[in-house]
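Biologist: Before we discuss any assignments, please show me the structure. I should like to ask how each label is justified.

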Amino acid sequence: ANKQVERTIREMWEWLKLHVGVVPCELDTVVGSISGKVVYTMIFPKSGLALGFLRDQKTSQTTTRIFDMLWELAGPGLFRRLFAAILTDNGPEFSDPDMIEKYRPDPEHNPPRLETRGVRVFYCDPYCSSQKPHVERNHEEIRRVLVKGSSFDALTQEDVNLMLSHVNSAPRASLDGKTPYDAFVSFHGERGREFLEKLGIRRVNAESVVLDPILLGEKFKKEANRAILHRHGVL
């Protein structure tokens with residue numbers, strides 16, 4: 001059975017009419033070099049805050065593990081506020097919505113038993129990434145550091161956290177000059193701040209924000225320059 005039936009963007013619009021105030025979290029992936037590591041990305045459009053998780057490959061099992069971790073770190077209350085509705089594309093890594101919406105309360109003794117987390121997953125129309133504009137726009141910020149064509153294989157999750165700490169600490173005109181980090185904490189309070197801390201996302205002073213590959217060191221800057229030259233046919 002196609003698990004994506006009843007999860008179209010039109011169904012999401014109908015669902016949102018009944019759940020006023022919910023703004024869907026948008027998911028995507030940013031790829032490095034072919035068959036190399038990838039970064040799973042998500043954004044909360046109300047605050048503009050982005051999260052990212054470095055993984056070896058794009059699989060639905062990887063997505064399940066990320067959401068199991070977020071459920072544990074956030075706790076049910078905050079998790080449901082953050083992920084009440086989730087909008088993503090039809091990529092293979094997002095092909096098992098059940099395992100985002102549900103979890104195994106007792107994987108050791110009763111692995112088949114599933115319980116609902118109380119969130120809903122929806123899908124954009126095929127080839128319509130414009131239907132999740134916030135995560136796409138945020139990739140432009142991420143690509144200022146993780147240049148297109150550069151390999152992510154030498155990166156660590158700490159590198160990704162550092163980059164996102166800077167991306168989330170850059171003031172945005174769309175937030176009246178506030179930063180995504182500050183907007184997120186003003187929406188979600190101390191629990192929100194603790195959640196970001198557990199994920200390794202820190203607040204960076206605006207004047208110290210660096211959105212350039214040099215943020216991740218000389219070696220990565222060289223790799224980025226190589227990728228740019230390669231893309232323009234110079235190498």
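Biologist: What makes the contact between the side chains of R120 and E101 a salt bridge?

Modeller: The model is a predicted one. The N to O distance between the side chains of R120 and E101 is 3.9 Å. A salt bridge requires a side-chain nitrogen of Lys or Arg within 4 Å of a carboxyl oxygen of Asp or Glu, so the pair qualifies. R120 belongs to strand β7 and E101 to helix α3, so their pairing ties together parts that are 19 residues apart in sequence. Salt bridges with shared partners also join R7, D98, E101 and R120 into one network.

Biologist: Why is E101 called buried, and why is R120 called partly exposed?

Modeller: E101 has a relative accessible area of 8%. Buried means under 20%, so E101 falls in that class. R120 is at 28% relative accessibility. Partly exposed covers the range between 20% and 50%, so that label applies to R120.

Biologist: How do you know that K132 forms a salt bridge with D89?

Modeller: The closest N and O atoms of K132 and D89 are 3.5 Å apart. The limit is 4 Å, so this pair is accepted as well. K132 lies in the loop between β7 (120–123) and α4, and D89 in the loop between β4 (85–88) and α3 (98–101), so the bridge ties together parts 43 residues apart in sequence. K132 is at 1% relative accessibility and therefore counts as buried.

Biologist: Where do K17 and E14 lie, and why is K17 called exposed?

Modeller: Both lie in helix α1 (residues 9–18), three residues apart, which is about one turn of the helix. Their side chains meet in a salt bridge at 3.0 Å, N to O. K17 has a relative accessible area of 59%; exposed means over 50%, so K17 is given that label. E14, at 47%, is partly exposed. The structure holds 19 salt bridges.

Biologist: What makes the approach of S150 to V147 a polar contact?

Modeller: A polar atom of the S150 side chain lies 2.5 Å from the backbone oxygen of V147. The cut-off for a polar contact is 3.5 Å, so the distance satisfies it. S150 is found in the loop between α4 (133–142) and α5 (157–167). With a relative accessible area of 0%, S150 is buried.

Biologist: Which residues gather in a patch of positive charge on the surface?

Modeller: They are K46, R81, R191 and K198. K198 is found in helix α6 (residues 180–198). At 52% relative accessibility, K198 is over the 50% limit and therefore counts as exposed.

Methods: Residues numbered from 1 in each chain as written. Predicted model: local features only at pLDDT ≥ 70, side-chain atom pairs only at ≥ 80, totals over all residues. Heavy atoms only, no water. Patch = residues over 30% accessible without salt bridge, like charges linked within 9 Å, V, L, I, M, F, W, Y side chains within 5 Å. Areas by Shrake-Rupley, 256 points an atom, 1.4 Å probe, with all protein chains shown as cover. Lys, Arg positive; Asp, Glu negative; His and termini not counted. Charge placed at Lys NZ, Arg CZ, Asp CG, Glu CD. Helix = DSSP H or I, 4+ residues; strand = E, 2+ residues; numbered from the N terminus. Buried < 20%, exposed > 50% of the residue type's maximum accessible area, 1.4 Å probe, protein only. Polar contact = N/O pair within 3.5 Å; in protein donor to acceptor, adjacent residues only side chain to side chain.
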